[in-house]
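Ready for a little practice? Work through the exercises below with the model open beside you, and try each task before you read its solution.

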Amino acid sequence: MKELDPLVFLAVFQEMLGPLLWVLVLLAVGGIAAFFAVLVKERRIVSQRLVRAELLGLVGGVLSLVLMAKVSSSGFTDAGGPADWFLIALVFGVGLAGTTILVYALAGWRDLLSSSR
């Protein structure tokens, strides 16, 4: 594989995840948009909310590893080389970051909507 084609990755992820791929993409795009909207509205990052979101992000990282193990044909005991472990760490990191952003955004909107009442 000499060229990196994004459509190949899309096809592989579509085959592995099926309709869940599009749910995850919509969740990611919506979460990022909601996060930036909260930042624009509040004009700061609330540290207490961020710490709580990071703690729940750990759970999201673990759940992303569980999802990876379910949709792939191999488990964690099959990881043999540095590239495998790098991919496992990358999946955990993306799950952690995505969950942190989503939880922070949801908590921010909850606080904004409850304070406007």
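**Exercise 1: The whole protein**

The protein exposes about 8,500 Å², an area found by the Shrake-Rupley method with a 1.4 Å probe. Carbon and sulfur atoms supply 72% of that area. This is a predicted model, in which local features need pLDDT of at least 70 and side-chain atom pairs count only at pLDDT 80 or more, while totals for chains, interfaces and linings use all residues. Residues are numbered from 1 along each chain as its sequence is written, and side-chain values use heavy atoms, leaving out hydrogens and water.

Task: find what share of the 117 residues counts as buried.

Solution:
- Step 1: recall that buried means under 20% relative accessible area (1.4 Å probe, protein chains only).
- Step 2: apply this to the 117 residues of the protein, and 21% count as buried.

**Exercise 2: One serine**

Task: decide where S64 lies, and whether S64 is buried or exposed (over 50% relative accessible area).

Solution:
- Step 1: place S64 in helix α3, residues 47-71; helices here are DSSP runs of H or I with at least four residues, numbered from the N terminus.
- Step 2: read the relative accessible area of S64, 15%, so S64 is buried.
- Step 3: look for its neighbours: leaving aside residues up to four places away in sequence, S64 touches V91, F92 and G95, where contact means heavy atoms within 4.5 Å.
- Step 4: check the side chain: a polar atom of the S64 side chain lies 2.6 Å from the backbone oxygen of G61.

Technical notes. Helix = DSSP H or I, 4+ residues; strand = E, 2+ residues; numbered from the N terminus. Polar contact = N/O pair within 3.5 Å; in protein donor to acceptor, adjacent residues only side chain to side chain.
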